[in-house]
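Student: Could you pick one part of this model and take me through it slowly? I'd like to see how a helix sits against what's around it, and where the chain goes next.

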Amino acid sequence: MPDSVSSVTFPPAFLWGAATSAYQIEGAVREDGRTPSIWDTFSHTPGRTIGGDTGDIAVDHYHRYRDDVALMADLGLNAYRFSVSWSRVQPTGRGPAVQVGLDFYRRLVDELLERGIKPAVTLYHWDLPQELEDAGGWPERDTAYRFAEYARLVGEALGDRVDNWITLNEPWCSAFLGYGSGVHAPGRTDPAASLRAAHHLNLAHGLGATALRSATPARSQVAISLNSSVVRPLSQDPADLDAARRIDDLANGVFHGPLLRGAYPETLFASTASVTDWSYVLDGDLRTIKAPLDALGLNYYTPSLVSAGTGKAGGPRADGHGASEHSSWPAAEDVLFHQTPGERTEMGWTIDPTGLHELIMRYTREAPGLPLYITENGAAYDDKPDADGRVHDPERIAYLHGHLAAVRRAIADGADVRGYYLWSLMDNFEWAYGYSKRFGAVYVDYRTLERTPKSSARWYGEAARTGVLPGVGTTV
């Protein structure tokens, strides 16, 4: 890793942010007209989450948002990415908005702007209203049209004060973990449904982007956040290369193909022919999906290492996406996933900043001229307060330093990366892992809900204020 000043100094306009999502932090799940989302239902189903944990209270951001915004400002952040709860704004997924739900987000945005923090609004971070799931969920085409209506409602309410919009967060997880392996809500395990869901999520993005543009000022910037995978073959054997290509199609091509090129990979169609005939891709869909993007969000945590297998046993279960007897990879159940070498986080994910650089440069080539944002990157560790109540997390500081240095190298190599959003602002409900994994730069005592900035939060805040990465061992 280069040690020159140019490798650690960022452009003056670079956004230094943190990210969260509604169900993971808000709580207040039954207040002000909010109705259940698929994650309310899933987390209340026995055996679905570790310890039976739910987001009923989460970290009570709904009532503590002013203090949380003040904390961001104190740290020196100049951007914040959060998601809107669809069930809070449009409880049935249909019809008019509930104004008291929108008022919460109006107040949050006003608080951010007053503190000089730029809001980035994600419309969908996995919390589909349960009534829409009862009607078929993402495998049904109508859900995409319902999303466009919801996007318009939120755009009309917040468009006068929000410039940066993200339609969907990680549609791969919504489709393949929600409807394939079942480790995420709604917990269905149907390979064909997962591919239908992927297409309708793509369609929802296109329809939602168009609805946003019609409802917001011309200055609005519309993006999508993809958890594009860095897929590496175990060897250069043709069978391993083919396995990597198949996983790349399912992880990446299924989304960036139609989004960026207006076409699904032909190899994806061929590989999944045993599961679906793709007849739900209708005339005009690809044109809709390829709505112009103003930016692309990239979420990165760890690379994937794959090889050809000899059968279905044990393959996708080692892919880092949770334990299931069902696969996240339709028609690729025979592909084997391997643990990449190196140090690991508490999630068991290998720490490899080179993968982030590789990912950024891939999209710099595949979408030239499209600005990029790192909309999620971070690590879970077993953080605990010391005797004085301080929380030291040197491992996270090292993780952030390595990955931010990789971002800066990509900028030096010609990539147009304009911001970085740390995942996550604070410890929260980590989906099926409940409260057992801590990704936050701010420690949350789940009994008292007291917030304590970890040493990584102060380190990151110093980088945000100066545009220069402090040393890994720097105490701020």
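Tutor: Let's start with a term we'll need: when two helices pass each other, the crossing is called right-handed if the near helix is turned clockwise from the far one by less than a right angle, and left-handed if it is turned anticlockwise. Keep in mind that this is a predicted model. The mean pLDDT of the protein is 96, and 96% of its residues reach 70 or more. Residues 1-7 are another story, with pLDDT below 50 and 8 contacts in the model beyond near neighbours in sequence.

Now find α9, residues 191-215. Its partner is helix α10, residues 238-261. The two axes come within 10 Å and cross at roughly 35 degrees, and the crossing is right-handed. On the α9 side, the contact is made by L195, A198, N202 and H205. From α10, you'll see L250, V254, F255, P258 and L259 taking part.

Follow the chain out of α9 and you enter the loop that leads to β5 (221-226), where S220 lies. Is S220 buried or exposed? Its relative accessible area is 4%, under the 20% cut-off, so S220 counts as buried. The side chain of S220 has a polar contact of 3.0 Å with the side chain of T216. Setting aside neighbours within four places in sequence, S220 touches V162, D163, W165, R213 and D294.

Carry on into β5, and you can pick up another residue worth a look: N299, which is in contact with S225 and L226, among others. N299 belongs to strand β7, residues 296-299. With 2% relative accessibility, under 20%, N299 is buried, too.

What does the side chain of N299 reach? One polar contact, at 3.1 Å, goes to the side chain of N169. The side chain of N299 also reaches the backbone nitrogen of E376, again at 3.1 Å. Beyond its neighbours within four places in sequence, the contacts of N299 include R81, E170, N227, S228, L359 and T375. For a nice example of folding back, look at N377: this residue is 78 residues from N299 in sequence, yet their C-alpha atoms are 6.0 Å apart in space.

So here's your route: start where α9 crosses α10, step into the loop at S220, then go through β5 to N299, which touches S225 and L226.

Technical notes. Residues are numbered from 1 along each chain as its sequence is written. This is a predicted model: local features need pLDDT of at least 70, side-chain atom pairs count only at pLDDT 80 or more; totals for chains, interfaces and linings use all residues. Side-chain values use heavy atoms; hydrogens and water are left out. pLDDT is the predictor's confidence in each residue, from 0 to 100. Contact means heavy atoms within 4.5 Å. Helices (H or I, at least four residues) and strands (E, at least two) are DSSP runs, numbered from the N terminus. Buried means under 20% relative accessible area, exposed over 50%, partly exposed in between (1.4 Å probe, protein chains only). A polar contact is a pair of N or O atoms within 3.5 Å; within protein, one must be able to donate a hydrogen and the other to accept it, and residues adjacent in sequence count only if both atoms are side-chain atoms. Axes are lines fitted to C-alpha atoms, for helices over the stretch in contact, and angles run from 0 to 180 degrees between N-to-C directions.
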